[in-house]
Amino acid sequence: MMLAARSASPYNPAARMDLRTLNPDQRRAVLQIDGPVLVLAGAGSGKTRVITHRIAYMLEQGIPADTIVALSFTNKAADEMRERLEKMVGKQAAEELVLGTFHSLGARMMRERYADFELPPRFSILDQGDVYGLTRSALRDAGIYGGRDGERRYDLGAITQRISLWKNEFITPEQALDPARHESEYDEVAAMVYGPYEDRLKALGAVDFDDLVCRIATVLRDDPDALAYWRNRFHYLMVDEYQDTNQSQFEVLSHLAGTRENLFVVGDDDQAIYGWRGAKVTNILGFDLYFPEAQVIKLEQNYRSCPPVTTCANHLIVRNQKRHDKVLRPQRIGGEPVREVVAADGAGEARWVGRKIRNLITEERISPRDIAVLYRSSKQARAIEETLQEHGIEYQILGGQTFYDQKQLKDVLAYMRVLVTPRDDQAVRRALNVPSRGVGAKTIGKLVEYANAYGISLLDAVHRSEDIPGLQPRARRGLRDFSGLVRRAQGRRRVTHSAVAAVREMLEAVQFRKHMTKETGAGKAANQRWANIEFLLRSLERFENRSQSASPRWSDFLNRFDLKRDKQDDNDEPVPKVTLATLHSSKGLEWPMVFIIGCEEGVMPHKRVDSPRMSDAIAGDEEEERRLFYVGITRARDRLFLTRARTRIERGRQLERRSSRFLRELPEGTCTLYDVGQEEAISGERIQSLADAFLAKLAAQIPTPGQ
Ligand code: ATP
Ligand code: MG
């Protein structure tokens, strides 16, 4: 048996990587450094662990960190991998690794060699909101959105998703127009706006998320210089959750791998859950066809879960026809039975979950961070949030809208950036229309063109807008206003030495609060939004006061708002929190206690399995839903609760609910049924008295006039 040569690495004087903590198959995967390798194995078998250990081992062998690329499915998963690596190899080496998602790799490559992509140096990356905005305006220009009364409005999400699928399969706007590709009216509409949407992106000198992968693939395919450059940079490629890669991601990998073929991928076909977004499970199942030299390693043992959980998972997934046959063999022993919990109604289900979590925390001393509540659709989280709030239990929502995602906070941050990092074109674009100044995509396109022609920033182009020909009078006025606003704020900043004070004045000058209320309506929610803005401004002030120098490192500080969104303040110790997550975003993670709520027909599996709607880009697929449930079950280490309700209120009507077919598929004895129907039942009378109490509480909070 070969053990790591610990002295070889300059990075790692105090290595804590120990190959003896791996089983023989895992060890084989770690030690196989060259050539293509596929690790195909079930949930909890240590695939991700193999990747982190393999990176540590490679560093110990003296392989330079910046030649190793490790890709994970989400930023959160990548962060976790980095944290684990820091412990094993030290902070410096972990920082030098190219570790992130396909998108972050693409962004890095594009920033470094923007000219290869015919992009300006400071191109913007559009977020989903921007993509919707561009699509909406392309639809409007084509006369198909928001038209006369009675005209059909199309779901923007479904349209952008179709365009995204085409882009990832390298189908051009011209090809998409081919009627042979159109299976529904939605395809036709999407095809009509795909071209104009791309034109708008180009005019803005911007890219969307899909471009971060597809355009990389295209450049690697078509530009031999670029290909040679990147192949020379990245020598070792590793991918976690490989079953969910799509075609363009595969192309990026295969171009980069080149003839060296140092490509190491791990995944589980039973956990392929992104088919609806264009992922191709054939990438993993056909890996040894693409790379005939590939070593295929299977891991059989499950280290994560207790036997009752693995039994449940095995019984479920065996029902799928399209899969590699494999079972999870638990390494752990004992464990409590899996519980199926049935409540009389939806409210009863949420209450039971809330009480159970409180008991776990207070009576069994389980840390909130060891508990997760998983669900099929994000709207199911509301009821759980409410019950956790009632019990005063801290929680976080994975992949959901978190604090700094709120539009108004992003707007304020954009103002701040315009002032302290004025070359940040993306921030300028955002701030320009807060509040709306009539500066549309066409005007921005002209500004970008002008800025590129003179090699200046977008903000400087705004200041020189008088010299730009062909602008509409309204847009010209808007630009003049904005330019004046920024210049005045810069002047104030010089006088007061405070950027935050200058931003406060800007917000006042544009009557930000008034506009915000106009957009979102007045009332308690608006007050809360304003309180959040105050919170943000105060934390910016704290940073400003704390920095010793006259020019604080604002760009580093502000970038943290994008990256570390779940912490409200840098000084805060992270508070242990219960995790709420969709089944999709729970992939790859694990918790000792897991609740999967809403195990009912129409929820899990999703109702579109039985009645595919036209606006769904891809009709539901029962096997994919089963895999999704399997992903959820296999997140649990010690205890698993599958909860459901007998009735639920939908659009004001109380409807009967049937238990999920996935529960009914489990053989008797795999789950213990626990009926909390009566225990949590709530009578009509009690509902009325609760409602009265709530209204009374609300009334007490409304100030009387004159107060
Ligand atoms: P998933 O398919 O859900 O992504 P995975 O195959 O990536 O799972 P890991 O997350 O790497 O599995 O490992 C699951 C758990 O088992 C982790 O807690 C890990 O530390 C533990 N584990 C893996 N291999 C071993 C081992 N050889 N000895 C002890 N514990 C192990
Ligand atoms: Mg994993």
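Me: Asp424 has a relative accessibility of 24%; is it buried, partly exposed or exposed?
Reply: This is a predicted model, in which local features need pLDDT of at least 70, side-chain atom pairs count only at pLDDT 80 or more, and totals for chains, interfaces and linings use all residues. Residues are numbered from 1 along each chain as its sequence is written, chains are lettered from A and ligands numbered from 1 in the order in which they are written, and side-chain values use heavy atoms, leaving out hydrogens and water. Buried means under 20% relative accessible area, exposed over 50%, and partly exposed in between (1.4 Å probe, protein chains only). With its value of 24%, Asp424 therefore counts as partly exposed.

Me: With which residue does the side chain of Asp424 meet in a salt bridge?
Reply: A salt bridge is a side-chain nitrogen of Lys or Arg within 4 Å of a carboxyl oxygen of Asp or Glu. For Asp424 the N to O distance is 3.7 Å. The partner has a relative accessibility of 11% and so counts as buried. The side chain that meets Asp424 is that of Arg417.

Me: How many salt bridges does the structure hold?
Reply: Side chains of opposite charge can pair when their charged atoms come close. One such pair is Asp424 with Arg417, and another is Glu80 with Lys76. The total for the structure is 46.

Me: How many residues apart are Glu80 and Lys76?
Reply: The salt bridge between Glu80 and Lys76 has its closest N and O atoms 3.5 Å apart. Glu80, at 30% relative accessibility, counts as partly exposed, and Lys76, at 35%, is also partly exposed. Both lie in helix 3 (residues 75-89), and about one turn of the helix separates them; helices (H or I, at least four residues) and strands (E, at least two) are DSSP runs, numbered from the N terminus. Along the chain, Glu80 and Lys76 are apart by 4 residues.

Me: Which strand holds Arg639, the salt-bridge partner of Glu336?
Reply: The closest N and O atoms of Glu336 and Arg639 are 3.8 Å apart. This pair links distant parts of the chain, 303 residues apart, with Glu336 in the loop between strand 10 (329-330) and strand 11 (338-345). Glu336 is partly exposed at 42%, whereas Arg639 is buried at 12%. Arg639 belongs to strand 16.

Me: Which residue of strand 6 is the bridge partner of Val69?
Reply: Two strands pair if DSSP finds at least two bridges between them. An open sheet of 6 strands has the order 3-2-6-7-1-8, with parallel pairing, and its edge strands, strand 3 (98-100) and strand 8 (295-299), each pair on one side only. Within this order, strand 2 (residues 68-71) and strand 6 (residues 236-239) pair in the parallel sense over 4 bridges. In strand 6, the partner of Val69 is Leu237.

Me: How far is an N or O atom in the side chain of Glu590 from an oxygen atom of ligand 1?
Reply: Several residues place polar atoms beside ligand 1, among them Arg49, whose backbone N or O atom lies 2.9 Å from a ligand oxygen. Gln271 contributes a polar side-chain atom, which lies 2.8 Å from an oxygen atom of ligand 1. For the side chain of Glu590, the distance is 2.6 Å.

Note on methods: Polar contact = N/O pair within 3.5 Å; in protein donor to acceptor, adjacent residues only side chain to side chain.
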